[in-house]
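Please look first at how the two protein chains meet, and then at how they meet the DNA.

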2 protein chains.
Amino acid sequence: MEAGTVLDLNQLRRSCGSCALHELCLPAGIDRQDMERLDTAVRDKRTLDRGKLLFRQGDAFHALYVVRSGSLKTYVENPAGDAQILGFSLPGEIVGVDALADDRHQCSAEALERTSICELPYSMMQQVTRDVPSLHRQLMRVISREVVAEQSHLVMMGRQQAQERLATFLRSLSERYGRLSRDTATLTLPMSRYDIANYLGLVVETVSRLFGRMEDAGILSVNRKTVRILRPDLLAGLCGNARPLPRGREAG
Amino acid sequence: MEAGTVLDLNQLRRSCGSCALHELCLPAGIDRQDMERLDTAVRDKRTLDRGKLLFRQGDAFHALYVVRSGSLKTYVENPAGDAQILGFSLPGEIVGVDALADDRHQCSAEALERTSICELPYSMMQQVTRDVPSLHRQLMRVISREVVAEQSHLVMMGRQQAQERLATFLRSLSERYGRLSRDTATLTLPMSRYDIANYLGLVVETVSRLFGRMEDAGILSVNRKTVRILRPDLLAGLCGNARPLPRGREAG
DNA sequence: CGGGACATTGAGTGGCATCAAGGCGTGTGG
DNA sequence: CCACACGCCTTGATGCCACTCAATGTCCCG
């Protein structure tokens with residue numbers, strides 16, 4: 001249960017060393033002494049209800065954030081008012097690095113469900129990275145990983161067809177679930193079909209149809225928020241330049 | 001002339017303090033003392049001929065680079081062999097930050113013309129960022145800017161039509177030319193139509209047709225590599241959700 | 001002057017968006 | 001507990017934008 005997970009995490013001491021996720025957000029190169037100094041810099045965590053904003057595009061930069069439980073979407077809005085979702089953030093993943101460029105958030109971050117957040121205030125960050133060289137290196141690593149993730153998103157948007165995009169999205173999500181020691185075959189999607197479509201540069205009808213076709217092909221079993229990956233091998237095949245799956249039901 | 005520009009730069013002392021571009025690649029927060037320490041870390045610059053690679057996807061990370069003159073394209077290749085161009089790098093812009101994530105380049109960088117490069121070796125970088133806190137902050141700023149640039153690219157790929165993409169691309173290029181104190185109305189495109197199309201997630205024929213329509217509409221004058229922006233106001237209008245320009249010649 | 005890469009132009013097609021209608025699940029109030 | 005409404009999702013029909021295929025034009029370089 002979701003509430004159970006949140007409670008467990010709440011019971012953890014408020015400390016990076018004892019955080020179940022510290023290997024995710026700080027994978028390497030931090031020794032015990034450095035860890036203690038980081039602990040003192042991380043502020044009380046916050047909890048956001050579904051739909052609540054962690055920060056808004058244009059806000060002054062105050063802190064970097066790490067998701068502890070739950071999930072976020074980050075998106076930019078253009079003057080005309082429509083949005084592009086840049087990514088979804090799962091536990092252990094960092095949010096807010098776009099604001100380091102000019103001390104102002106370039107995107108908004110919204111909770112997709114009840115979500116718990118770690119906060120590393122800016123002022124503390126400066127001091128910590130000065131005192132703890134290994135953390136500095138680690139932080140650059142994490143930010144660079146952000147760059148690489150966006151590059152993959154770009155490749156998807158630029159070169160892949162709708163079917164490949166959805167397959168790639170599901171595979172990526174499954175892989176990230178694996179890193180969280182969750183079942184990689186049973187995805188519980190915290191985001192709506194509209195969000196998925198937007199993230200993939202498609203419309204919701206297209207996503208819905210593609211789910212249907214993948215189900216007909218025996219690759220997935222789809223039920224609302226729950227997607228079961230029945231044939232990971234076939235799903236992987238759809239990420240390349242495979243032929244589109246047939247449209248009509250019972251056509252295979 | 002291009003050759004002249006390169007020669008002028010070659011004659012500069014090999015020092016960040018005297019580099020005409022240091023305000024671009026190191027915009028703020030570096031005092032004289034720090035600058036001198038940085039100087040000693042920046043290795044002799046390299047020169048690449050058109051088509052030569054600065055680094056290749058998968059290469060071990062050795063250094064970050066800044067373009068001094070000329071230009072680069074960065075791109076990723078998928079197993080199937082086709083590429084997605086991630087961006088074009090003009091003088092003063094940094095290249096290679098994607099490799100900080102796991103010490104291996106995630107994309108390739110290729111010279112679009114004869115190009116001169118500054119090199120900040122990895123070993124030096126570690127030492128310098130340790131000794132020079134302001135440079136550390138500055139480096140994070142530059143990397144974050146990379147993140148923001150990719151976000152804009154993503155918005156373009158996800159939500160904009162072909163015509164808006166090309167208009168946005170030309171405006172962005174014009175703005176960057178301005179920062180280099182070049183004429184913002186006369187763009188000399190170092191990249192091919194294929195490269196532009198690929199970057200925008202289109203095919204070359206579409207780009208060619210769009211150039212034609214914008215010329216017919218009196219917005220541009222296009223001659224091979226030379227694009228003159230005659231009506232910046234109308235070009236800006238095309239970046240939003242404007243109606244497509246008419247197809248036939250003499251239709252306005 | 002000829003070859004080849006790059007660029008333009010035209011005709012036809014297809015994938016995805018758009019428009020429209022209906023199903024399903026959830027929450028709310030009576 | 002049920003009725004209702006609303007949001008989310010699915011499914012179908014149609015149209016259009018950009019891709020594909022093909023041919024010609026243009027520049028550059030040997």
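The side chains of Asp103(B) and Arg141(A) come together in a salt bridge, with 3.7 Å from N to O; the term stands for a side-chain nitrogen of Lys or Arg within 4 Å of a carboxyl oxygen of Asp or Glu. Across the interface of chain B and chain A the rule finds 2 salt bridges. On the side of chain B that touches chain A, the elements giving two or more residues are β5 (83-89), α4 (122-131) and α5 (133-159), where helices (H or I, at least four residues) and strands (E, at least two) are DSSP runs numbered from the N terminus. The largest share of that side, 20 residues, comes from α5(B).

This is a predicted model, in which local features need pLDDT of at least 70 and side-chain atom pairs count only at pLDDT 80 or more, while totals for chains, interfaces and linings use all residues. Residues are numbered from 1 along each chain as its sequence is written, chains are lettered from A and ligands numbered from 1 in the order in which they are written, and side-chain values use heavy atoms, leaving out hydrogens and water.

Turning to the DNA, 17 residues surround strand D, and Arg193(A), Arg209(A), Ala162(B), Glu205(B) and Thr206(B) are the closest; a residue counts as near if one of its heavy atoms lies within 4 Å of the strand. A polar side-chain atom of Glu205(B) lies 2.9 Å from a base nitrogen of DNA strand D, whereas for Lys225(A) such an atom is 3.4 Å from a phosphate oxygen of that strand.

Technical notes
A polar contact is a pair of N or O atoms within 3.5 Å; within protein, one must be able to donate a hydrogen and the other to accept it, and residues adjacent in sequence count only if both atoms are side-chain atoms.
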